[in-house]
Amino acid sequence: MLRARVHVRLDRGDRALEALRIVAFTALSVDEFIAATMLTGAAYVRLGQKQRGESILAGVMEKAADANPTVRAELALQLGIAKFRLGEFEEADRLCAGVPSDADVIYANALEYRGWAAHARYEAAAASQWFRETLRVLATCRRRDRYVEAAALYGLAGLCPELMLTEDWPVVEARLRTFDWSASGLARWRFWVALAASMMCETTGDVRGARNWAQRAENSVESPGHRVVVLCRLAAVFRGLGELNAHAEFVERAAAVYDTVDVRDLGADLQQLPLFLAEEVAYTKAGDDAERLVAQYRQSISPELKNSSGGLVQYGAMERLIEAIVYESRGNTAHAVRAFTAAYRAFVGIGYQRRAAAIALRLARLTGKERYVEYAASALRGSGASFWMCRDLREMRNGSGPTVTETEMAVLRLIVHGKTYKEIAAVRRSSAKTVGNHVQSLFRKFGVNSRGELTAAALHQRTVVLQHEARPLVE
């Protein structure tokens with residue numbers, strides 16, 4: 001039964017059932033019978049036969065009144081996990097809350113699942129608290145469970161960048177670095193933890209750390225789909241640095257790997273893969289390609305997600321964000337504002353401050369509304385001064401000039417650095433005519449008639465702050 005427990009913890013339901021078949025030929029005590037039946041139900045849940053497993057667990061729960069308290073505690077936990085996987089998050093939380101605090105590591109496991117239940121209900125702040133509490137309780141347990149610890153670290157690390165938990169991050173990162181991820185079954189968690197660490201280091205202004213953690217993730221990839229995610233993460237790092245050629249190179253590499261992936265076979269942790277790639281593709285101004293990726297997601301993945309209960313708000317917000325980026329790149333400001341606003345409200349609603357702050361900065365430029373600047377400033381309060389969002393916020397606040405769009409700001413920075421229309425068109429992957437249209441719009445907004453006058457006005461009004469652009473934008 002010990003082997004069965006390990007296999008259940010690692011979602012290996014078939015191997016757990018195989019181990020339990022041996023137990024079936026052994027004389028069992030009442031507690032052993034209840035435990036074996038419980039593990040059988042839990043194994044079916046892990047195999048995806050959730051209703052069957054839940055029925056077995058609920059049935060044996062009725063017979064467990066006189067069982068050992070530890071067995072009853074574990075049974076409540078496993079039934080709670082079954083309810084969680086069935087999408088009954090309130091009931092899952094109620095069952096896990098009933099696990100007594102003296103149940104040692106079973107109690108810690110119950111706290112972990114209270115975190116996942118809160119996460120599924122879009123209560124991200126509460127989820128992070130449950131994951132912290134799991135780690136605290138594990139430190140006091142008589143028996144260490146590395147899988148519970150790894151799952152709690154995975155959950156907390158994933159929320160740190162989304163909630164901008166910059167004060168917590170040094171402690172979390174130190175624990176991630178010292179944790180032994182080599183045990184069987186932890187590779188996928190290690191991968192996503194490294195991606196989250198990369199995002200968090202970028203947020204704190206540690207660009208080297210962001211690249212190093214992304215490279216750690218790349219060293220542990222399990223599939224071409226996971227490699228696409230890493231390449232998109234590295235592309236995002238270079239996008240934040242303003243190194244557009246490097247960004248485009250990583251996007252091209254990601255797209256090439258993506259072409260080898262069958263999206264119909266993506267695992268549960270890769271359901272957003274087309275959207276991950278579509279976002280970075282959209283930033284290269286390849287709007288048609290981004291739209292094709294979103295359409296593929298809607299056709300192949302979205303229908304299946306509608307039959308589940310997790311992630312729908314985030315996924316929908318990602319779709320709106322990508323649509324907005326494409327609209328903006330095409331100069332359709334009205335549609336861009338509507339789509340950005342829908343994405344912004346969704347991310348604010350679930351507490352994902354990083355995403356919401358990035359969109360708020362774009363909306364501030366497009367609409368000139370101060371409330372978006374105020375939200376971004378609040379969300380970015382603990383971020384590193386060199387984080388690209390903080391840089392954009394400073395430029396927005398320091399500038400006394402007119403409001404310009406994200407695209408116009410990118411063109412303006414290149415003009416200030418002396419780039420020609422042809423060079424700007426090459427960097428922006430657009431035509432010289434499109435660049436000219438953006439420059440004419442900038443002339444009108446600044447009330448100038450030449451590139452020289454535009455550069456002088458932008459620097460004088462601090463719309464562009466030259467000291468923040470010391471890094472090379474293009475080679």
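**Exercise 1. How many helices and how many strands does the protein chain have?**

Solution. Start with the source. This is a predicted model, where local features need pLDDT of at least 70, side-chain atom pairs count only at pLDDT 80 or more, and totals for chains, interfaces and linings use all residues. Residues are numbered from 1 along each chain as its sequence is written, and side-chain values use heavy atoms, with hydrogens and water left out. Next, the rule: helices (H or I, at least four residues) and strands (E, at least two) are DSSP runs, numbered from the N terminus. The count for the protein chain is 26 helices and zero strands.

**Exercise 2. Find where pLDDT stays under 50.**

Solution. pLDDT is the predictor's confidence in each residue, from 0 to 100. Take the whole chain: the mean is 89, and 94% of the residues reach 70 or more. Then take the stretch asked for: residues 467–475 stay under 50. The model has 23 contacts (heavy atoms within 4.5 Å) for this stretch beyond four places in sequence. Where pLDDT is low, predicted coordinates should not be read in detail.

**Exercise 3. Compare the radius of gyration of the protein chain with the globule rule.**

Solution. The radius is taken over C-alpha atoms, and the rule is 2.2 Å times the number of residues to the power 0.38. For 475 residues, a compact globule would have a value near 23 Å. The protein chain has 25 Å, which agrees. Add the box: along the principal axes, the C-alpha atoms fill roughly 90 × 40 × 35 Å.

**Exercise 4. Why is H15 described as largely enclosed?**

Solution. Buried means under 20% relative accessible area, exposed over 50%, and partly exposed in between (1.4 Å probe, protein chains only). Helix H15 spans 273–283. In H15, 10 of the 11 residues are buried, so the rest of the structure largely encloses this helix. Among the buried residues are Leu273, Leu277 and Tyr283. Now look for the cover: it includes helix H13 (224–241), helix H14 (244–258), H16, helix H18 (312–329) and helix H20 (353–367).

**Exercise 5. Place Thr284 and decide: buried or exposed?**

Solution. Thr284 sits in the loop between helix H15 and helix H16 (287–300). Its relative accessible area is 13%, so Thr284 is buried. Set aside neighbours within four places in sequence: Thr284 is then in contact with His247, Val251, Arg428 and Arg429. Finally, check Lys285, which follows H15: its phi is positive, near 75 degrees.
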